[in-house]
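I'm opening a fresh notebook page for this one. Time to look around and jot down what turns up.

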Amino acid sequence: MWSTVDRLIGRGHRVCDRVSADELSRFFSDKVERIRSTTSGSSPPTYSPVPPGVSFTEFTTVSLDDVATAVAGLPDKSSALDPIPVPILKAVSDLLALFLTYLFNTSLSSGHVPAAFKDSFVTPVIKKPGSDGGNPSSYQPISNLPVISKILERFVARQLVSYLDTHRLLPATQSGFRQGHSTETATIRVLSDLLDSVDRGDTAALVLLDLTAAFDRVDHEILFKRLRATFGVDNIALAWLSSYLAGLKQHVRCGGKTSAIMDVICGVPQGSVLRPILFIIYTADFTPIVADRGLSLHQYPDDSQIYGSCLPAAISSLSTDSS
């Protein structure tokens with residue numbers, strides 16, 4: 001209803017109507033592949049070592065009350081992939097919670113994610129009003145996932161984040177998707193550091209980096225190596241995360257038509273609960289790389305602010321040497 005109202009008053013994103021589902025599917029896939037190819041010849045990444053004695057090898061099982069509470073807290077919004085609408089799921093949760101608890105605990109203890117949880121469909125929407133609706137680059141992909149898979153992801157994300165926070169493994173200067181970290185903390189930190197530099201009489205410089213299709217480019221092999229080497233995630237816990245990203249599939253729905261199903265070989269599914277924390281883990285070693293060059297870094301979450309300062313005389317000397 002709200003989508004219809006938005007279209008009638010000319011507000012919001014319009015669903016595609018001048019390009020086919022297969023065209024958009026190929027465009028989204030080729031875009032990521034083109035970007036990945038630009039770094040195919042890069043040196044292999046380095047991995048900071050996990051602190052001694054720190055490890056995370058398995059997920060704890062969830063209780064019937066945990067599942068019932070999670071189902072009750074779901075928003076009344078359904079995906080076409082859901083076998084039953086969310087309001088009905090909530091209405092019969094007292095009957096289904098026991099079966100869901102068994103399903104979730106079997107998945108967590110075996111390190112295996114059901115194949116049905118790995119399928120998604122993409123709804124393309126116009127990025128900006130007035131964009132050319134016949135150009136695939138004018139659209140951004142919005143993924144839809146089964147709501148039951150998201151409940152399982154929340155249990156996994158809660159345990160994983162608790163482990164990372166307990167052992168202080170996440171970069172202190174990453175402000176995305178973390179409790180007590182926000183756009184405000186990122187802005188205040190960067191602005192404060194720059195003002196301190198200026199107050200000292202230094203010249204400060206700030207470079208803003210925004211990665212294209214950042215979440216969709218996550219290399220699974222690198223992510224798994226970083227989870228083990230830098231964050232101590234191993235055994236059943238690592239097997240579950242590997243299974244979670246293995247065999248991902250998606251298709252595009254547009255204009256009443258559906259594209260062919262495509263395998264997703266990289267990236268973290270958009271709309272998934274684990275997407276933000278896995279991306280933070282994937283990019284964690286960016287912080288020491290910047291620090292080794294005498295600069296400061298703050299991220300939120302795929303936007304990076306790199307900044308530094310020096311005496312004005314150093315800038316003048318650098319300019320003279322360059323000329």
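Before counting anything, I wrote down the rule: helices (H or I, at least four residues) and strands (E, at least two) are DSSP runs, numbered from the N terminus. By that rule I get twelve helices and eight strands in the protein.

Two notes on where things come from. I'm working with a predicted model, where local features need pLDDT of at least 70, side-chain atom pairs count only at pLDDT 80 or more, and totals for chains, interfaces and linings use all residues. Residues are numbered from 1 along each chain as its sequence is written, and side-chain values use heavy atoms, with hydrogens and water left out.

**Entry: the whole protein**

I looked up the box around the C-alpha atoms, and along the principal axes it comes to roughly 70 × 55 × 40 Å. Then I checked burial (buried is under 20% relative accessible area, exposed is over 50%, partly exposed is in between, with a 1.4 Å probe and protein chains only). Of the 323 residues, 39% are buried.

For contacts (heavy atoms within 4.5 Å), I kept those with a separation of 6 or more. Residues 24 or more positions apart account for 73% of them.

**Entry: strands side by side**

Two strands pair if DSSP finds at least two bridges between them. I followed strand E8 (residues 303–310) and found strand E3 (residues 203–210) running antiparallel to it, joined by eight bridges. E8 also pairs with strand E7 (residues 296–300), again in the antiparallel sense, over five bridges. The E7-to-E8 connection is a hairpin through two residues.

Which residue in E8 stands opposite Val-207? I traced it to Ile-306. Ile-306 turned up again as the bridge partner of Leu-297.

**Entry: salt bridges**

My reminder to self: side chains of opposite charge can pair when their charged atoms come close. The cut-off for a salt bridge is a side-chain nitrogen of Lys or Arg within 4 Å of a carboxyl oxygen of Asp or Glu. How many does a search of the whole structure find? It finds nine.

I looked at the one between Lys-90 and Asp-76, at 3.0 Å from N to O. Lys-90 sits in helix H4 (residues 86–91), while Asp-76 is in the loop between helix H3 (64–72) and H4, 14 residues apart. Lys-90 is partly exposed at 24% relative accessible area, and Asp-76 counts as exposed at 56%.

Next I tried Arg-200 and Asp-202, whose side chains meet at 3.4 Å, N to O. Arg-200 is exposed, with a relative accessible area of 52%, but Asp-202 counts as buried at 15%.

My third pick was Asp-285 with Arg-226, where the closest N and O atoms are 2.6 Å apart. This pair links distant parts of the chain, 59 residues apart: Asp-285 is in the loop between helix H10 (275–282) and helix H11 (286–291), and Arg-226 is in helix H8 (residues 220–229). Are these two buried or exposed? Both are buried.

**Entry: Lys-118**

I found Lys-118 in the loop between helix H5 (93–110) and strand E1 (119–126). Lys-118 counts as buried because its relative accessibility is 10%. From Lys-118 to Leu-245 I get 127 residues in sequence and 7.8 Å in space, C-alpha to C-alpha. I skipped the neighbours within four places in sequence and listed some contacts of Lys-118, among them Val-113, Ser-243, Tyr-244 and Gly-247.
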